[in-house]
Amino acid sequence: MTSKIYKNYIAGEFISSDRFFDDINPVDGSLVARVAEADKLMVEKAVVAAKMALKGEWGKLPLVERCKLLRRIADGIEARFDDFVDAEIADTGKPQSHARAIDIPRGAENFRFFSDLARTVSTECFEMDTPDGSGALNYAVRKPMGVIAVIAPWNLPLLLLTWKLAPALAMGNCVIAKPSEETPGTASLLAEVIHEVGLPSGVFNLLHGFGPDSTGEYLTKHEDIDAITFTGESATGSEIMKVAANDVKPVSFELGGKNAAIVFDDADFDAAIEGTVRSVFSNCGQVCLCSERVYVHESIYEKFVSELKIRAEALIENWPEGQSAELGPLISQEHRIKVLACFARALEEGGNLVTGGGVPEFTDSRKKGSWIQPTIFTGLSEEADMVKQEVFGPVCHISSFASEKELVEKVNNSKYGLAAAVWTKDIKRAHRVSRQLEVGVVWVNTWFLRDLRTPFGGIKLSGVGREGGLHSLEFYSELTNICIKL
Ligand code: NAD
């Protein structure tokens with residue numbers, strides 16, 4: 001029985017609650033911590049604290065000082081690197097090697113990156129002619145938006161929370177962050193780091209809880225929240241958008257995907273296999289960018305399916321701490337039920353199960369975890385649920401294509417439009433196909449290679465707006481144009 005308690009952080013203080021929920025380790029179902037759920041009153045307190053901080057010391061702090069504080073948050077994360085890794089793997093079960101290489105370093109880097117960018121970003125200036133010949137000068141000034149609600153998912157908990165928090169703070173806003181109820185750990189450590197760094201009270205507030213009828217809903221419905229930034233399911237985005245519409249609040253949404261991997265006959269076969277193993281099975285398929293639809297040219301289709309099967313079956317599902325671990329469990333039993341239902345539906349719809357489809361057998365306490373087998377289907381129509389709906393698990397459907405035209409039509413026949421991976425050695429084809437795809441991000445001969453300056457986001461059901469570099473800074477600031485008659 002754990003004695004660990006994750007508290008809320010409001011107005012510079014760690015605050016408990018009279019309602020708690022369990023933070024469960026998906027590796028073996030053990031209890032990681034008890035989490036204090038923030039009620040309506042706490043949401044209110046956090047909003048008031050954030051508004052006061054905007055009017056106080058934080059609102060007056062020079063940009064350069066603000067940026068120094070952000071860099072100290074990055075230093076603080078690195079100083080407690082192992083604690084962050086432990087918290088992330090306890091909440092998600094992801095292999096320790098992944099948390100060490102991706103989640104925690106990127107969590108720190110987000111603060112450094114946006115601290116540097118905020119110091120160099122410029123605004124527009126236009127000189128204009130006037131009938132009297134004296135002219136006028138326009139220049140824009142950038143101001144914080146105010147109090148921002150940051151709502152994050154569970155798949156890359158620290159990385160995605162800080163990806164929003166860092167630019168919001170860099171632009172001088174105050175933030176109320178709500179991590180996913182599944183993964184409160186690293187956000188709680190981050191609150192400790194921010195407390196130690198000494199951000200003025202109320203600038204950063206952390207509230208734990210659920211979505212509907214809980215903290216998330218209370219937060220998004222609060223009239224003094226000036227903007228909402230959310231990463232999560234498309235259906236949740238739709239709910240939040242309805243609420244935001246009441247006060248015409250700006251929203252930034254990174255939502256679901258049903259991403260395609262496309263393998264042409266001229267691709268470097270080994271690289272395409274290697275890349276597709278990563279793009280389908282990374283983080284147990286729980287990355288919004290993962291490929292769940294794989295389209296392979298008919299001339300190499302059979303060979304590709306056989307090789308991907310071998311590679312999927314060779315993936316090692318191990319305790320996160322194990323050096324060999326390549327695949328962790330799904331986030332929860334509830335999510336596993338959903339993913340297994342998607343597998344069952346694919347079979348009902350006539351799919352051919354190439355490998356996986358079930359739950360791995362363990363003789364130790366992993367029996368109580370949410371493990372699942374890496375899974376491949378073939379033979380389904382383009383209208384099948386497995387090809388249409390996001391599963392968010394370690395699964396793909398592979399189908400063949402004959403022509404580029406057919407391929408582009410199939411890939412674009414989706415309600416989602418987040419990302420695609422294209423594998424080809426033909427540079428002309430790479431350019432030609434990439435720009436025809438209705439997605440926000442295309443990778444050619446790679447996957448998940450991120451330059452933080454580039455626009456990131458999706459179209460259709462996959463999101464609203466772009467994050468990354470200047471795009472993030474634009475969302476988290478308001479421009480006022482000042483026109484001076486000379
Ligand atoms: P989710 O929508 O269930 O929850 C995300 C967050 O929203 C959680 O903190 C949750 O408590 C909160 N929430 C839920 N309902 C709410 C409501 N009505 N009001 C306010 N807050 C509410 O998503 P999830 O299951 O945590 O994450 C998985 C999903 O996120 C997948 O669909 C995945 O594709 C998507 N995702 C997208 C990106 C991207 O960049 N496009 C990145 C990661 C994950």
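These exercises work through two pockets and two backbone outliers.

The model is predicted, so local features need pLDDT of at least 70, side-chain atom pairs count only at pLDDT 80 or more, and totals for chains, interfaces and linings use all residues. Residues are numbered from 1 along each chain as its sequence is written, and side-chain values use heavy atoms, with hydrogens and water left out.

**Exercise 1. Describe the largest pocket and place it in the fold.**

Step 1: define the term. A pocket is an open set of points on a 1 Å grid over the protein atoms alone, where a 1.4 Å probe fits, with protein on both sides within 12 Å along at least five of seven lines. Lining residues have an atom within 4 Å of a point.

Step 2: take the volume. It is about 1,200 Å³, the space filled by probe spheres set on the points, with grid points joined across faces, edges and corners.

Step 3: list the lining. It has 45 residues; Trp154, Ser180, Glu181, Glu233 and Thr236 lie nearest the centre.

Step 4: find the elements. Helices (H or I, at least four residues) and strands (E, at least two) are DSSP runs numbered from the N terminus. Strands E4 (20–24) and E11 (227–231) each supply at least two lining residues, as do helices H8 (215–221), H9 (234–246) and H12 (333–348).

Step 5: place the pocket. Domain 1 (5–255 + 462–485) and domain 2 (259–451) both give lining residues, so the largest pocket lies between them. The domain bounds come from an automatic or database domain assignment.

**Exercise 2. Do likewise for the second largest pocket.**

Step 1: take the volume, about 500 Å³.

Step 2: list the lining. Of its 23 residues, His98, Ile102, Arg278, Ser282 and Trp447 are closest to the centre.

Step 3: find the elements. Helices H5 (96–120), H10 (269–281) and H11 (301–314) each give two or more residues.

Step 4: place the pocket. Domains 1 and 2 both contribute to the lining, so the second largest pocket also lies between them.

**Exercise 3. Which is buried and which exposed: valine 248 or cysteine 284?**

Step 1: apply the cut-offs. Buried means under 20% relative accessible area, exposed over 50%, partly exposed in between (1.4 Å probe, protein chains only).

Step 2: take valine 248. Its phi is positive, about 50 degrees, although it is not a glycine. Valine 248 sits in the loop between H9 and strand E12 (251–254). At 70% relative accessibility, it counts as exposed.

Step 3: take cysteine 284. Its phi is also positive, near 55 degrees. Cysteine 284 lies in the loop between H10 and strand E14 (291–297). With a relative accessible area of 1%, it is buried.
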